[in-house]
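Here is a short report on one protein chain, meant to be read with the structure open beside it. Take a moment to look the fold over before reading on.

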Amino acid sequence: MKANIHPTYDYVVFRDQSAGTMMLTRSTLAAKAKSLPTVTWEDGKEYPLVNVEVSSASHPFYTGNNIVLDTAGQVQKFNQRYRRNPAQGDKEPA
């Protein structure tokens, strides 16, 4: 591997703003540590803090709170809005 071409890879704390959880992991965002706020972790050390809107703690796929969309209802709304009759297909009304 070539020297001095890889970004800094060090510990960073990610805070999920919607769930209020924090996790300590390693990231290349440590290279921007000077411009990031810091937080004191459980071990007493300060780490750069990165705020995220969605993580595994709040994403519906991981939490099991999936929302099922009614696609048939959406198609009916579209047809009503544009006055299309499903029996006519894509033909324009005469």
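The notes below go from the overall layout to the sheet, the core and a few individual residues.

## Model and confidence

Please keep in mind that this is a predicted model. The mean pLDDT of the protein chain is 79, with 73% of its residues at 70 or more. Confidence peaks in E3, where the mean is 93, and is lowest in helix H1, residues 60-63, with a mean of 61. Where pLDDT is low, the predicted coordinates should not be read in detail.

## Overall layout

The protein chain contains four strands and two helices. Read from the N terminus, the order of elements is β-β-β-β-α-α, so to follow the chain you can begin with the strands and finish with the helices.

Of the 94 residues in the protein chain, 16% are buried. The accessible surface amounts to about 8,100 Å², and carbon and sulfur atoms account for 51% of that area. Taking contacts between residues at least 6 apart in sequence, 34% link residues at least 24 apart.

## The sheet

How are the four strands ordered in the sheet? They form an open sheet in the order E2-E1-E4-E3, with mixed pairing. E2 and strand E3 (38-40) are at the edges and have a single partner strand each, so one side of each lacks a neighbour in the sheet. On average, neighbouring strands of this sheet are turned by 45° against each other, direction ignored.

Strand E1 (residues 10-16) and strand E2 (residues 21-27) run antiparallel and are joined by seven bridges. Along this pair, phenylalanine 14 has methionine 23 in E2 as its bridge partner, and aspartate 16 stands opposite threonine 21 in E2. The two strands make a hairpin with four residues between them; in its turn, glycine 20 has a positive phi of about 75°.

E1 also pairs with strand E4 (residues 46-52), this time in the parallel sense and over four bridges. Here valine 13 is found opposite leucine 49 in E4.

## The nonpolar core

Which residues make up the largest nonpolar core? There are five of them: Val13, Val39, Trp41, Tyr47 and Leu49. Val13 and Leu49 of this core are also the residues that stand opposite each other in E1 and E4.

Tryptophan 41 is a good place to zoom in. Setting aside its neighbours within four places in sequence, tryptophan 41 contacts Val13, Met22, Met23, Leu24 and Tyr47. Among these partners, Val13 and Tyr47 also belong to the core, while Met23 is the bridge partner of phenylalanine 14.

## Residues worth a look

Glutamine 17 sits in the loop between E1 and E2. Its C-alpha atom is separated by 5.4 Å from that of glutamate 53, although the two residues are 36 apart along the chain. Apart from neighbours within four places in sequence, glutamine 17 is in contact with Asn51, Val52 and Glu53.

Asparagine 4 belongs to the segment before E1. Is asparagine 4 buried or exposed? Its relative accessible area is 82%, and since the cut-off for exposed is over 50%, asparagine 4 counts as exposed. The phi of asparagine 4 is near 65°, a positive value in a residue other than glycine. Most residues other than glycine have a negative phi.

Technical notes:
Residues are numbered from 1 along each chain as its sequence is written. This is a predicted model: local features need pLDDT of at least 70, side-chain atom pairs count only at pLDDT 80 or more; totals for chains, interfaces and linings use all residues. Side-chain values use heavy atoms; hydrogens and water are left out. Two strands pair if DSSP finds at least two bridges between them. Buried means under 20% relative accessible area, exposed over 50%, partly exposed in between (1.4 Å probe, protein chains only). Contact means heavy atoms within 4.5 Å. Accessible areas come from the Shrake-Rupley method with a 1.4 Å probe; for residues, only the protein chains shown count as cover. Axes are lines fitted to C-alpha atoms, for helices over the stretch in contact, and angles run from 0 to 180 degrees between N-to-C directions. A nonpolar core is a set of buried Ala, Val, Leu, Ile, Met, Phe, Trp, Tyr and Cys residues joined through side-chain atoms within 4.5 Å. pLDDT is the predictor's confidence in each residue, from 0 to 100.
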